[in-house]
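Have the viewer open and a pencil ready. Try each exercise yourself before you read its solution.

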Amino acid sequence: MSLQRRLLLYLLVCAPLVWSVALYFSISRARHEVNEMFDTELIRLARQVQSTLSPAYPGTSAVLPPEPREGDKDAGDADVRDLAVAVWNAQGQLMLADREGVPLKYLPQASGFVEEEVDRRIWRVYYLQSSDGNWLVAAGQGAYERDELVYGLTVTQVVPWLLVLPFLLAVMAWAVRRALSPMRQLTTELRSRDASDLQPVPDERAPAELKPLLGAMNGLFARIEELLVRERRFTADAAHELRTPLAVLRAQWDVVRGSTSSAEREQAEQKLSTGLDRMARLVTQMLSLSRVESGVTPAMKTEIDWPIIVEHAMSDCLALAERRHIELACEWPMRGQHPMPLFGDEHLLTVLLRNLLDNAVRYAPAGSGVLLRIGREQLELENEGPPLSAEQMARMGERFYRPDGQTELGSGLGISIVRRIAQLHGLEVVFGAGADGKGVKVVLQFDSAHR
């Protein structure tokens with residue numbers, strides 16, 4: 001169901017309910033006012049009749065002349081058939097009454113208003129006792145007369161509303177349609193957009209109710225644009241970096257097929273195997289980078305168990321360390337101290353540490369050592385390789401960057417992956433020289449913005 005139809009349905013259901021409640025309170029209030037007015041008149045009438053009575057009153061019963069009827073000449077719009085007056089003496093003898101007052105009941109102990117049935121109709125009668133107890137005056141009125149007045153007043157108010165109801169509904173439908181026109185305009189604009197058009201939707205002239213929606217949409221467009229930029233950059237980087245290894249592999253394969261001697265063939269196969277290893281490492285690193293830059297942040301609710309992460313990362317780098325005769329060592333905090341408390345994703349931190357260890361082992365001199373030191377506030381990793389220059393330090397973490405003169409296989413993506421995973425965990429990576437200015441030291445510590 002459309003929003004417009006839903007609003008109209010709510011209005012059609014709620015408006016009669018509200019009118020019914022208002023009508024109920026209007027009738028109740030009108031009845032109160034009418035009763036108050038007529039009760040006052042009955043009290044005044046009873047007091048006036050009582051004021052005409054005196055001890056010298058002869059005490060003989062009499063019936064007042066008939067009141068003018070509706071339609072009598074010179075009666076105007078008066079109709080007093082629903083009014084009654086009666087007077088009794090102390091012995092209960094009816095002394096004075098009009099024709100409507102004769103049937104009224106004699107209630108010697110009554111004082112004030114009494115509801116009673118007269119000629120099968122409910123009357124509201126006011127009884128007034130004289131101060132000397134000689135007279136009892138009753139002034140009454142038919143209750144249906146009051147109801148007729150209340151309903152007459154109510155109908156005069158309700159009928160005009162019922163007559164204008166169709167026009168009111170038409171105006172409400174027009175108003176709802178007019179109020180929802182910005183929604184239709186927004187729908188038309190988005191429907192006509194090209195799939196690649198992710199420009200923000202202007203919200204300067206939008207209604208206040210639509211601005212949060214437009215803000216959320218524009219935020220979504222910005223995130224999609226950022227994701228597409230990352231995908232395009234990743235695709236371009238992959239195409240650029242894979243082109244050269246593929247060309248080299250193709251050339252080495254041609255050499256293998258064209259080799260004439262076993263020595264030449266063995267040398268060509270070795271180069272081809274090295275190229276395939278480099279290609280596999282490049283693809284693995286690019287897939288890892290794609291995962292950490294996908295924009296999907298993993299749940300950082302697991303308390304990190306550093307011994308397990310260190311064991312897995314060192315196991316992955318053990319074959320390379322043995323080939324280059326590099327000794328791997330790890331130092332832990334003193335007994336009773338928790339190593340670098342952190343909540344995060346253990347798999348991503350294993351990838352981070354593996355990349356750091358892999359770089360440290362690859363670029364350390366053969367036969368040297370790599371030391372991993374885990375403290376309470378930070379993680380340090382250093383090797384005994386040549387120190388990095390200021391230019392190399394500035395370019396650390398740049399995609400596909402590798403210093404000149406490197407003989408080990410690499411893709412130039414490892415540090416980019418490390419920085420991105422560290423950022424997801426509120427950490428930062430700092431590169432510097434090792435002890436006495438020798439080697440390279442990497443420090444993984446809490447980001448100053450998260451401390």
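**Exercise 1: Rings that meet**

A search of the whole structure finds 4 aromatic pairs (rings of Phe, Tyr and Trp, the last with its six-membered ring, whose centres lie within 6.5 Å). The model is predicted, so local features need pLDDT of at least 70 and side-chain atom pairs count only at pLDDT 80 or more, while totals for chains, interfaces and linings use all residues. Residues are numbered from 1 along each chain as its sequence is written, and side-chain values use heavy atoms, leaving out hydrogens and water.

*Task.* Describe how the rings of Tyr24 and Phe25 meet, and then how those of Phe113 and Tyr126 do.

*Solution.*
- Step 1: Planes under 30 degrees apart count as stacked, over 60 as edge-to-face and the rest as tilted.
- Step 2: Tyr24 and Phe25 are 5.4 Å apart centre to centre, with 75 degrees between the planes, and form an edge-to-face pair. Both Tyr24 and Phe25 are exposed (over 50% relative accessible area; buried is under 20%, partly exposed in between, with a 1.4 Å probe and protein chains only).
- Step 3: For Phe113 and Tyr126 the centres are 5.0 Å apart and the planes 50 degrees, which makes a tilted pair.
- Step 4: This pair links distant parts of the chain, with Phe113 in strand 4 (residues 112–118) and Tyr126 in strand 5 (residues 121–129), 13 residues apart. Strands here are DSSP runs of E, at least two residues, and helices are runs of H or I, at least four, numbered from the N terminus.
- Step 5: Phe113 is partly exposed because its relative accessible area is 29%, and Tyr126 is buried because its value is 11%.

**Exercise 2: Charges over rings**

*Task.* Which ring does Arg121 lie over, and which ring lies under the charged end of Arg124?

*Solution.*
- Step 1: A charge sits over a ring if NZ of Lys or CZ of Arg is within 6 Å of the ring centre and within 35 degrees of the ring normal.
- Step 2: Arg121 lies over the face of Tyr144, 4.2 Å from the ring centre.
- Step 3: Arg124 has its charged end over the ring of Phe113, at 4.5 Å from the centre.

**Exercise 3: Two helix crossings**

*Task.* At what angle does helix 7 cross helix 6, and at what angle helix 9?

*Solution.*
- Step 1: Axes are lines fitted to C-alpha atoms, for helices over the stretch in contact, and angles run from 0 to 180 degrees between N-to-C directions.
- Step 2: Helix 6 (residues 306–323) and helix 7 (residues 346–362) have axes that come within 9 Å and cross at roughly 35 degrees. Their contact (heavy atoms within 4.5 Å) includes Trp306 and Leu320 of helix 6 and Leu349 and Leu353 of helix 7.
- Step 3: The residues of this contact divide into 12 nonpolar, 2 polar and 5 charged. Ala, Val, Leu, Ile, Met, Phe, Trp, Tyr, Cys and Pro count as nonpolar, Asp, Glu, Lys and Arg as charged, and the others, Gly among them, as polar.
- Step 4: The axes of helix 7 and helix 9 (residues 414–424) come within 9 Å and cross at roughly 145 degrees. Their contact has 11 nonpolar, 3 polar and no charged residues.

**Exercise 4: Positive phi**

*Task.* Where do Arg120 and His325 lie?

*Solution.*
- Step 1: Arg120 is in the loop between strand 4 and strand 5, with phi near 65 degrees, a positive value in a residue other than glycine.
- Step 2: His325 is in the loop between helix 6 and strand 8 (327–331), and its phi is positive too, about 60 degrees.
- Step 3: Arg120 is exposed, at 80% relative accessible area, and His325 is exposed at 60%.
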